[in-house]
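Here is a short tour of two spots in this model, one where helices meet and one around a single side chain. Have the viewer open as you read.

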Amino acid sequence: MKAPSPGSTPPHPFLLYLRLRAGVYRIISHFLLKEPTPETLSELVLFLRDQRVSRIVESLELCHNEAASLAAVSAKLTEELSSSPERLVDVWAEYTRLFIAPYPKAIPYESFWKGGGKGRLLFSASWEDVKLWYLEDGYALDDRTVAEDHLGVELEYVAAMSEEALEMLAEGRVDAALRKVKRSVDFLDAHVLKWATKMLKTVEVEAKEPFYRALASWTACFIKLDSEVTRKLVEELAKEADALAS
Amino acid sequence: MYALTRREFLKVLAAVSAAAGVAGSMPVAAEKILKTRTLRKLTPEEKLELERRVRKSEVEVRYTACVMCAAECSLEVWVKDGKVVRIYGNKHVHYNLGAGGSACAKGVSSLNLVYSPYRLKYPLKRVGERGEGKFIRISWEQAIDEIAKKLVEIKKKYGPESVVVDAGDVPDNRDPYWRFGFAFGTPNCLEHGCICDTPRRHGPKLIVGGKRWEPDIMRPVPVRGEDGKLHWYNKHDIKLIIYVGWNPFTATRISWETMGTIRAKLENNAKIVVVDPALSNTAAKADEWIPIRPGTEPDLFAAMLRYILEHNDPNDPERNYIDYTVFNEKYVEGLNEFIEAFKSWWDKVDPVTGHKYFTLEWAEARTGIPKEKIEWLAHTFGKTKPAALVWGMQAPGHHYNGYVASILGVVLNIITGNFDRKGGVIDTELVKSSKGGPATGKQFNKRKVKRAINGKEVEAEQEWLNYKYSDWPAAWDDILGDLPRLIMEGVEIHYGPFRGHKYPIKAYIVRASNPLVTAGPPHKWIEAFTAKEPDGSYKLELFVYLDTVFLETGLYADYVLPEASYLERMSVSDIYPVHPVIYLRDAVMEPLWDSKKPFDIVMMLARKVYEYEMKEFGRSDIRPEDFWEKYSSEEDFVNEMLSVAPGRPNVGRPLPYPNLPEGYKLVGTPESLEEGRVTIDHDKKTVYGEPVTVEYLRKHYGAAIWPMSWERYKVWDATKGDWVPGGILKTKTKKFELHFHRYEQYNKLVEESGRTPTPWRELGWDKLPTTFYWFETVWNPYTNPKYAKYRDEYPFQLIWARTHHGMTGTQLCEWTAQAPAEGLWMPLNRRFRMKQVRIRATGEPVVEDKEVKEGRWCVGTVQISTVDAEKLGIKTGDYVALINPLGRSVVAVAYVTPTIRPGVVRMGLGSGGRFSPGLGGCYFTRLYTPLTNELTDYKFSPVMGQPCYADMIVKIVKISEEDIPKYQPKYVLREYKVPGVEA
């Protein structure tokens, strides 16, 4: 199979979708792992309101209402922060309350949630599985302050796999790229979707900050639909490899 | 399901293409967001190496020491790819239960703590009000920077003595924190010992310079044989053990004691007597259970001593109680003075009972024990040799007048010749291995400092800036319980060179401790933590909490810092054997999350304080050469802690090292001393072998073990051809001191100041008595006339006991939380849901969502006798309120039992009302379980200043569920919601 050709020909829609996907997962990962700042919130708004993003999201019905809501909430929060910078402390406290301490409402680790009530303690078997999954794809945790099965890390992995696939496509390695993407979808199905929905629902219910409610709502929706869309795309593209290569 | 049809798929592609038409490419997420990276792409070589490591699946066996209770057993830990997968007892050491070594359920369940989802993971900064629980995550750099800056501000404004450093519950990592505190310039560095059992330890400290006494039942022990070689001595010699308010089977200080008690009984037919208001687990296995009235242990001991003195007959083998080979003026300082002082009470009449003091009738009236039983006990103890009389932290240790029992207990053991006799009683403090040494930084406390007092400049050693927080000049273990008052009112020094100096307490740094629950009334702590100045700022300007778990105290802190768990940090154990033994607490895995080792925390803080002090003062009390230039790692630090081990004299019979001078202090590994690889400093009378190091301990299964011997209170003087007193004794005269020379230094201070400490004045003392003394405990209407008026309205004496959980933080571990204990901790819960942890057969910890049905989960109860419960119409499982005369109350579920003395109710230490949600089931049962300290008076034992945990009386009211908010403290009723759980 040939690589998608560079130059004046418009990129193949799959490339565009992969870029969107990588960007979205990077963004979600970031806001799950880090407290927001006015700058990162502005960037989030810019991203979500970019016509190229919103059109795809809208036409694919990829949670466009949730995305729009998150954009609106984030924009509003950015405005509030510009007039009341001290408000940021409340947002950070909410992040801490939800994910860290004193008694986190929505512990962001797969080990805690997995299995519909029959899960494992932190650093137990599902953590081990995730770690091995990453290793098989040549990834390892580079930040010992979190564990591999943090939702933010898991989604970062999906983003990284999409980015790798993009690089492969650029090099003409279409089969390898499709395998990468497929593997990331398999990971979503085998791990993320097995627990994150429940955890994110808890965030939606527990969060006092609209930002986290909106983030959780969009994340839950996007992960689910992306998994389905991407899997279908990969399956169909495998059949239509020439189209991708042309 | 988003099942795409072929047509839909084409639509998708079309849509994406259409979107792409806008600009031809997709935007990337902004640079700042994209920079977040937690994963790293491995090089092919790295990937191969990692895969190889995973495939190998090798288990590394490491040795460390437990922290789940104060026994600190040696553990064998299996580590696989950086994760602890198994915990066993260390079968290579004899100290663990049984000769083969084992770990108890508590030890194994520590994985529950290490891998808890509620563990402290990141440094936090408070952004709400204290107690609100509103925090933000910050970096270590920010936390340390802000704390250091504030410390230096406080130092500049109020002096370094305004900072209190509380190194907490586990003595293992006390030393780095103390080192920092002392070097910073505050003498106010303490640890949990001052709220533990100071009255219990008082007699040993006064009379022999020691602490905790235990029966000689630790077996096997290495003993020098006639062949000159060391052999494991595994025979039990003891014939009688009397445990008074001491419950090793459950409360656990000394794990070998459980096994030793049973073995002594089975193998040597030793008689076991337990004197305790409740039928403890130890009592249940004893030959005799004597249910004493709480707080009357001194009365029992005084009656026993009087009986022995009055009925001793050296010529009658049945009444040959006193061992004159020991109880004579050669070995005992102030013998006659003490006996005369004791006898001076014999003709006085007790206003409460109408009997003469210390008679059997008098003791019967006060202790509630039949006089025949007291006589039997005194006689049996006097004639049975070897024997041990041991008193515990639940009795003398928790009473205002525990000193009296402690002193009399020591005398009873010495007079009968049982001290350090084979099969007798051992002062474990005097024989355990030394540790710490210069690493503790106590030398900094000797630095000269100046203070302006009433217009004059006074110079003296730094330690005098503590002395001792106003009212406790003799509190040699320091003061914690009275800290709330000191925060509220400030310190005014009355004793020593700095008398007249005043300063506020402005910073409190506390690690591995939960004083809000354990150190006296919680409402007092909450009041102190939240008290504000008129300008709205907190009186206590800086409050730092460090721990592995988030307990109640942490909710009020300004900074909450995650300390590495015991499996992730290095230090040495603090165990109580009958001969020198030391364990390495090794770091067997890397710290999880963003937690740090105590050593690293202290070094960060020291560096930053140094920087701020240099900026502020142009000099710093923290010197690089004392910290980061001195120690390159925690191993360096621990090596210095070990450098003084074992630090005990070569004394006793059989002599531990016949090849070395008798009486000389021993320092070095057992092998180097054994094989004579030593240097001898005759001036210092010290033998130096090869130092004990971390490396040595790792090569020796984590332990160093030196020989056992007996009669270590004397030394053979070859020049005199006679025994001379000394050896392990740490007294001024090197004898047993029944004249309390130790008190004299404090009396001198008080005399110089012209001000009698308030607690002494309340006893009618202008100075501490230097020989036998007697005073009554507080809140006891049966012995203290002052409280007789409460007898009818508050008919129950309230006492505490320890459950197997040991520490208030380890109740987080549900695996042990579900094991019932003695009616104190029973399956009497109401229904709730929670995540419950269990271990699979594979060894994996598993957490399951579980509904806990009524009556299935152990909760802290109040134990009430069947007789009393019938009168009050109370059944097991009923809600009751306990109300004290101070107007304080708690709610509990009643456990009705014949196994407690009528008129006495008992609760577990920190076993209820736990409003820290990270404690799982404990939190969800808090509404109807008692936070025991809420009923403790804010009153302290008069010499050492410890809270009087077991001196309280209550009335009991049966209540309905609706009444709970009326009686349970408000701070207990607060709500925090935990995921996966509903109350």
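In this predicted model, helix 8 of chain B passes helix 15 of chain B in a right-handed crossing. On the side of helix 8 of chain B, the contact involves B:Pro199, B:Arg200, B:Arg201, B:His202, B:Gly203, B:Pro204, B:Leu206 and B:Ile207. Helix 15 of chain B brings B:Gly402, B:Tyr403, B:Ser406, B:Ile407, B:Val410, B:Val411 and B:Ile414. Sorted by character, the residues of this contact are nine nonpolar, four polar and two charged.

What about the geometry? Two packed helices are described by the angle between their axes and the distance between the axes. Here the axes of helix 8 (residues 198-208) and helix 15 (residues 402-415) of chain B come within 7 Å and cross at roughly 50°. The two helices are therefore oblique to each other.

Now for the single side chain. B:Asn188 sits in the loop between helix 7 (174-184) and strand 8 (189-190) of chain B. Is B:Asn188 buried or exposed? Its relative accessibility is 0%, so B:Asn188 counts as buried.

The side chain of B:Asn188 has these polar partners:

| Partner of the B:Asn188 side chain | Distance |
|---|---|
| B:Glu161, backbone oxygen | 2.7 Å |
| B:Tyr469, side chain | 3.4 Å |

Both partners also appear in the wider surroundings: leaving aside neighbours within four places in sequence, B:Asn188 is in contact with B:Glu161, B:Val163, B:Val164, B:Val165, B:Asn466, B:Tyr469 and B:Tyr503.

How values were computed
Residues are numbered from 1 along each chain as its sequence is written. Chains are lettered from A and ligands numbered from 1 in the order in which they are written. This is a predicted model: local features need pLDDT of at least 70, side-chain atom pairs count only at pLDDT 80 or more; totals for chains, interfaces and linings use all residues. Side-chain values use heavy atoms; hydrogens and water are left out. Axes are lines fitted to C-alpha atoms, for helices over the stretch in contact, and angles run from 0 to 180 degrees between N-to-C directions. Helices (H or I, at least four residues) and strands (E, at least two) are DSSP runs, numbered from the N terminus. Angles under 35 degrees count as roughly parallel, over 145 as roughly antiparallel, 65 to 115 as roughly perpendicular and the rest as oblique. A crossing is left-handed if the near helix is turned anticlockwise from the far one by less than a right angle, and right-handed if clockwise. Contact means heavy atoms within 4.5 Å. Ala, Val, Leu, Ile, Met, Phe, Trp, Tyr, Cys and Pro count as nonpolar, Asp, Glu, Lys and Arg as charged, and the others, Gly among them, as polar. Buried means under 20% relative accessible area, exposed over 50%, partly exposed in between (1.4 Å probe, protein chains only). A polar contact is a pair of N or O atoms within 3.5 Å; within protein, one must be able to donate a hydrogen and the other to accept it, and residues adjacent in sequence count only if both atoms are side-chain atoms.
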